[in-house]
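Q: I have a model open and would like to learn how to read its features in order. Where should I start?

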Amino acid sequence: LARAQTKLVTKLAQAKTQLADGEQLTATLRTMLAGPRTYLVLAGNNAEMRSGGITTAAGLIHFEGGDLQTSPFASSYDLFLPDSKAVTPPPDIAHLYGWMLPGQEWRTTDTSPNWPVVARMYAQMSANSPFGKVDGVLFVDVLTLQSVLKVIGPVTVGGFKYTADN
């Protein structure tokens, strides 16, 4: 009986933590979806052997009143920032990855696994690019999209049906 009580107390504590996490996530999602908010969306290729993959394309998503609108996506190859618009990376990222031009080269800025720092750099890069100022940065890769499609089911975009299998 004592073991069962200990297990129950542990499970209740876990449930309380999960509920608090869910409340925080729900509040964040509500703020994002209610808007108005604009986010830079980075499309990644997770086949690259690094923390999250390589950023291959970028675009904007704007949320307002539960509706969303996306901009056309641009190849990250075409987004390279000139020296005058480059973002200076923090010293630790510059020391480790400076040779890859983080803060200037969109495809290598996400080489560091420190996403909070990398996301701030991308937000600054966006402000210095034709995209402009954003409220946040989202990184989406193929595996994430596949997981989303497993949950919500197929979607059709531009006449093409996307499923978790394709």
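A: Start with strand pairing: two strands pair if DSSP finds at least two bridges between them. The model is predicted. In this predicted model, E1 and E2 pair in the antiparallel sense over nine bridges. One bridge partner to look up is Gly59 of E2, for Val41.

Q: In which sense do E1 and E5 pair, parallel or antiparallel?
A: E1 and E5 pair in the parallel sense, over six bridges. On that side, Leu42 stands opposite Phe139 in E5.

Q: How many bridges join E2 to E3?
A: Four bridges join E2 to E3, and the two strands run antiparallel. Ile61 has Thr70 in E3 as its bridge partner. E2 and E3 form a hairpin with two residues between them, and Gly65 in that turn has a positive phi of about 60°.

Q: How should I read backbone angles?
A: Most residues other than glycine have a negative phi, and most peptide bonds are trans. Begin after helix H1 (2–34), which is followed by Gly35 with a positive phi near 60°. The peptide bond that joins Gly35 and Pro36 is cis, with omega about -5°. Pro36 lies in the loop between H1 and strand E1 (37–45).

Q: Which residue other than glycine has a phi near 60°?
A: Leu101 has a positive phi near 60°. Leu101 is found in the loop between helix H2 (91–97) and helix H3 (115–127). With a relative accessibility of 37%, Leu101 counts as partly exposed, because that class runs between the 20% limit for buried and the 50% limit for exposed.

Q: How do I check the length of a helix?
A: Compare the distance between its end C-alpha atoms with the span expected from 1.5 Å times one less than its number of residues. H1 has 33 residues and should span 48 Å; its end C-alpha atoms are 48 Å apart, so the two values agree. For H3, with 13 residues, the expected span is 18 Å and the end C-alpha atoms are 18 Å apart, which agrees too.

Q: What can I learn from the pattern of burial along a helix?
A: An α-helix has 3.6 residues a turn, so residues three or four places apart point the same way. Along H3, the buried residues are Val117, Val118, Ala119, Met121, Tyr122, Met125 and Ser126.

Q: What covers the buried residues of H3?
A: The cover includes E1, strand E2 (54–64), H2 and strand E5 (136–141).

Q: How do I read a single position, such as Thr38 in strand E1?
A: Take accessibility, then contacts. Thr38 has a relative accessible area of 17% and is therefore buried, the limit being under 20%. Leaving out residues up to four places away in sequence, Thr38 touches Leu60, Ile61, His62, Val134, Asp135 and Gly136. Asp135 is 97 residues from Thr38 along the chain, yet their C-alpha atoms are separated by 5.5 Å.

Q: Is Ser76 buried or exposed?
A: Ser76 is buried, with a relative accessible area of 1%. Its place is in the loop between strand E4 (74–75) and H2. Not counting neighbours within four places in sequence, Ser76 is in contact with Thr55, Thr56, Ala57, Glu105, Trp106 and Arg107. The C-alpha atoms of Ser76 and Ala43, which are 33 residues apart along the chain, are separated by 9.2 Å.

Q: Where is Ser129?
A: Ser129 is in the loop between H3 and E5. Ser129 is buried, at 10% relative accessible area. Apart from neighbours within four places in sequence, Ser129 is in contact with Leu81 and Trp106.

Q: How do I describe a pocket?
A: Give its volume, then its lining. The largest pocket holds about 960 Å³ of space. Of the 24 residues that line the largest pocket, Val140, Leu145, Val148, Leu149 and Val155 are the closest to its centre.

Q: Which element supplies the largest share of the lining of the largest pocket?
A: H4 does, with eight residues. Elements that each supply at least two residues of this lining are E1, E2, strand E3 (67–70), E5, helix H4 (142–152) and strand E6 (155–157). By type, the lining divides into 19 nonpolar residues, five polar and no charged.

Terms used
Residues are numbered from 1 along each chain as its sequence is written. This is a predicted model: local features need pLDDT of at least 70, side-chain atom pairs count only at pLDDT 80 or more; totals for chains, interfaces and linings use all residues. Side-chain values use heavy atoms; hydrogens and water are left out. Buried means under 20% relative accessible area, exposed over 50%, partly exposed in between (1.4 Å probe, protein chains only). Contact means heavy atoms within 4.5 Å. On a 1 Å grid over the protein atoms alone, a cavity is a set of points where a 1.4 Å probe fits but cannot get out, and a pocket is an open set with protein on both sides within 12 Å along at least five of seven lines; lining residues have an atom within 4 Å of a point. Grid points are joined across faces, edges and corners, and a volume is the space filled by probe spheres set on the points. Ala, Val, Leu, Ile, Met, Phe, Trp, Tyr, Cys and Pro count as nonpolar, Asp, Glu, Lys and Arg as charged, and the others, Gly among them, as polar.
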